[in-house]
Amino acid sequence: MSTTKKIAGVALAAALGVTTLSACGGGDAKDKTAGKSDAPKSKTVTLVSHDSFNVTEAVLKEFEQQSGYTVKVLKSGDAGAALNQEILTKGSPRGDVFFGVDNTLLSRALDNGIFTPYEAKGLGGVKPEYVLDKEHRVTPVDSGDICVNYDKAYFADKKIAPPQTLDDLVKPEYKNLLVVENAATSSPGLGFMLASVGKYGEEGWKDYWSKLKANGVEVVDGWEQAYNERFSGSAGGKKAKGDRPLVVSYASSPPVEVLYGEPQPAEAPTGVSTGTCFRQIEFAGLLKGAGNEEGGKALVDFLISKKFQEDMPLQMFVNPVTKDAALPELFTKHGVVVEKPENVAPETIAKNREQWVKAWTALVVK
């Protein structure tokens, strides 16, 4: 959700101590016997991913037993860094499948031609609004919403209603309350900037940030510092004596605060301002030149299977994209549904991302 995931609160899961799979080497991703008709097919399939990929061991083992493939996971930093490596090794990939490119970087991946088109089995079960590539070079796997989170106790004590929309954040009652991540260095920071572009358009988003700056917005480098040090509502922020009751994080952050609370609270201590959100969608794709293309196809199919989709929320704190996947009780009880997140077309992001970030930096940081 991320980091792109993020990912969805994927960075949140890591920060709060969720156990993740250990990084594995490329293994058999390049089978030296590939192309020889009498060569045995590789039984290893390698997934290249950002650092926040995770899956329950039993779920992965079931796929391996049913498919006959052994899965190796090669973790490669954040989403941007992982994608850069695949672009540099185009045609001679380090693995068979890449997972973790999101809609803020999608056009860059597609324009560089690193994927082989493949229409995954079960794609008809994916909600159509997530299928952004009609050529099926990538398959949607998860979604997550970048949103402002608020400290419930602070607003209750002050008897102030928490903000619910982007417009609210520039009001005087929220002066000096919001901390955001740098759009040039942070995935949630970039997503929140894109939310303002989606809401106010090319003509209005910079004026909006001028108002936010005048209203005392604080900018820090990344999510970890913003959420676990400056935000007063998180467990980490409380320990660090953070004094900002508003932070850019994820819609999945409140359920995580419940899950890892000591003791576990009956109600989430943080809330989500649902009118401030930008939706990230993460994709997987079969890498062009994959050493085990058939295994790669089977792995992509697995990523949109009901078993994986229902396991994913509590492993990576993102939402499923398939119609039949049920959310766990932790999400339904303590999470929120973002009905109308802001969106910007991937091709528009690709065309304007660099100049938008430069303009944002000059306006807000310098």
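## Loop residue N176

N176 is found in the loop that connects α5 (152-158) and β6, where helices (H or I, at least four residues) and strands (E, at least two) are DSSP runs numbered from the N terminus. The model is a predicted one, in which local features need pLDDT of at least 70 and side-chain atom pairs count only at pLDDT 80 or more, while totals for chains, interfaces and linings use all residues. Residues are numbered from 1 along each chain as its sequence is written, and side-chain values use heavy atoms, with hydrogens and water left out.

With a relative accessible area of 40%, N176 is partly exposed (buried means under 20%, exposed over 50%, and partly exposed in between, with a 1.4 Å probe and protein chains only). Leaving aside neighbours within four places in sequence, N176 is in contact with N215, G216 and R244, contact being heavy atoms within 4.5 Å. N176 and L246, 70 residues apart in sequence, are separated by 9.3 Å from C-alpha to C-alpha.

## Nonpolar cores and strand β4

The largest nonpolar core (a set of buried Ala, Val, Leu, Ile, Met, Phe, Trp, Tyr and Cys residues joined through side-chain atoms within 4.5 Å) has 50 residues, and F53, F115 and F308 have the most contacts inside it. Two or more residues are given to this core by each of β1 (44-49), α2 (57-67), β2 (70-75), α3 (79-88), β3 (97-102), α4, β9 and α10. A second, separate core holds 39 residues, among them V148, Y174, F192 and Y250.

Not counting residues up to four places away in sequence, the residues that F115 touches include F98, V101, L110, V138 and L286. T116 belongs to strand β4 (residues 115-116) and is buried, with a relative accessible area of 19%. Beyond its neighbours within four places in sequence, T116 is in contact with H136, R137, L286, L287, K288 and G289.

## Helices α10 and α14

Helix α10 (residues 293-303) is mostly covered, eight of its eleven residues being buried; these are G295, G296, A298, L299, V300, D301, F302 and L303.

Helix α14 (residues 346-365) has a kink of about 60 degrees centred on N352, where the bend at a residue is the angle between axes fitted to the seven residues ending there and the seven starting there. N352 is itself buried, as are R353, W356 and W360, among others in α14. The buried residues of this helix pack against α4 (106-111), β6 (178-181), α6 (187-214), β7 (218-220) and β9 (270-287).
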